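Let's take a walk through this structure, one helix at a time. Have a look at it first, and then we'll start.

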Amino acid sequence: MNYQEISMFILYLVFMLGIGLWFFFKSKSQTEKGYFLGDRKMGAWVAALSAGASDMSAWVLMGLPTSIYALGIGQIWIAVGLAVGYSLSWIIEAPRLRTFSIEANDSITIPQYLTNRFLSQSKILQLISAVVFLIAYTIYAASSIKACGTLFNTVTGLDTTVAMYLAAFIVISYTFLGGFSAVSWTDFFQGMLVLAAMLIVPLVADSMLNAENFHAINDPKYWNAFYDWREIVSGLGWGLGYFGMPHIIIRFMSINSQKELRKSSKIGITWTLIILIFAALVGIIGRMFIGFDESVNNNSLIFVVMTRKIFPALISGILLSAVLAAAMSTADSQLLAAASSFASDVYRPVIRKNNAGNREMLWAGRIVVLIIAGVALYIAANPNAGSIMALVSNAWGVFGAAFGPAILLSLFWKKFTFAGAAFGIITGAAVDIYWLMKMSHIGIYEIVPGFFAGLIVAVIVSFISPKPSDEVQKLFDAAVKLSQE
């Protein structure tokens, strides 16, 4: 057990908890909009790094580099797909989503936006979306909690399950107390830490490669990025997920102005491109630096092993806190997004028939945070739950396939209908899950068929269903005009 590394971990965790307490005491009179969307007052830097940190979970430090480390640069297509998808989401989706959500009755959640976009009194879309949210976010949060447990176990020798409970307690605490503002500010600091770690570790390892610690990679397949067309299609398919990833695109809705959004997009895209490039370098340089080790591969530990081999304990403790940062910054956003969806889209309109006040809504959301975290802990602690990367890919696929087509069509197609959105979401999620369970042997990532199936069904249903009312079309025109200001 390395007490210097542990000390750095403890200091980091106390700092994160302190942010949650700060926003809790600062916001005693916090409203539902404040708890779930930060009152739309987020600045460019906080929104950009919060969106990036919410996206780049521990898989970008553990899962993705280890995949490249073990399987070769064919896995780099995941990074390429993510880079393209993330950039396009900021450039084409963010400006309109912010203004459309404002025009659509100041919506504060994605399901609420999709309902208000069509001026519908029906709650079916909110209910469908909430079900998908609860299932997918529970799996997604499990991957982050599992990463925390693996890291604690590797560094401290602490039992993995106990470590998961400890990490979950910290994340739950500041999310429970501070809401969106606490989550965004913790994500900001965590994003800076992740960036520093990703820049430092591969560059220092590369400078240390010499005859004594250089391991040649003689397998020609390792260096062939075009070895399997299915890897290319699947890797690029990851980028489709960004258009429907609620805990990321909700940041677009929280920014305080279109001017700040444009500034935020430049910061966010630059941050993510750097992270993805260096994640790939960690995998490639790590393979040459330590050679292939099956235990490293099985536990997704290439970044951890490299860091501990290169740096003294005090420095490695700081850098390894970046893994905690990556895991926690995604888990908190997932918990809050799921809680906001249940409270705003199920509890208030369906269970309480719109009779719940702000205080009741806040506590409904907080209780959901506890419930989802508990189920996620149960999944993460199950040895048969799958790897960190597998859990992330499952949840990512469902979200991208279900919500991506519906959100894009709602922002860019004036004749898109409520029925088209509902059937598109159901089809995307259903095809994604079916492909994962029955067709995964084909080797194509399930988000690809799921996304395009959802898109096709949404368009067909919109053509055959009654066209949107004049009021809905006026809302569309007003939102487009506002987005161009």
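How far apart are the end C-alpha atoms of α7, and what span should its 33 residues have at 1.5 Å a residue? The ends are 48 Å apart, which agrees with the expected 48 Å; that expected span is 1.5 Å times one less than the number of residues. Helices here are DSSP runs of H or I with at least four residues, numbered from the N terminus. Before going on, keep in mind that this is a predicted model, where local features need pLDDT of at least 70, side-chain atom pairs count only at pLDDT 80 or more, and totals for chains, interfaces and linings use all residues. Residues are numbered from 1 along each chain as its sequence is written, and side-chain values use heavy atoms, with hydrogens and water left out.

Stay with α7 for a moment. Of its 33 residues, 25 are buried, so the helix is largely enclosed by the rest of the structure. Buried means under 20% relative accessible area, taken with a 1.4 Å probe on protein chains only. One residue to pick out in α7 is Q126, which counts as buried because its relative accessibility is 3%. Leaving aside neighbours within four places in sequence, Q126 is in contact (heavy atoms within 4.5 Å) with P111, Q112, T115, S344, D345 and P349. S344 sits 218 residues from Q126 along the chain, yet their C-alpha atoms are separated by 8.9 Å. Just after α7 comes G157, with a positive phi of about 80°.

Next up is α17, residues 418–439. Its 22 residues should span 32 Å, and its end C-alpha atoms are 30 Å apart, which agrees. The buried residues of α17 include F418, G424, D432 and W435. Among the elements covering them are α6, α7, α16 and α18.

Two of those covering helices also pack on each other. Helix α16 (residues 388–412) and helix α18 (residues 447–464) meet at an angle of about 30°, with axes 8 Å apart. That makes α16 roughly parallel to α18, a label for angles under 35 degrees. Residues meeting there include W396, G400 and L408 of α16, and F451, G454 and V459 of α18. By class, this contact has ten nonpolar, five polar and no charged residues, with Gly counted as polar, Ala, Val, Leu, Ile, Met, Phe, Trp, Tyr, Cys and Pro as nonpolar, and Asp, Glu, Lys and Arg as charged.

Finally, find A327 in helix α14 (residues 313–351). A327 is buried, with a relative accessible area of 1%. Its C-alpha atom is separated by 9.6 Å from that of V171, 156 residues apart along the chain.

Methods:
Axes fitted to C-alpha atoms, helices over the stretch in contact; angles between N-to-C directions. Helix = DSSP H or I, 4+ residues; strand = E, 2+ residues; numbered from the N terminus. Parallel < 35°, antiparallel > 145°, perpendicular 65-115°, else oblique. Buried < 20%, exposed > 50% of the residue type's maximum accessible area, 1.4 Å probe, protein only.
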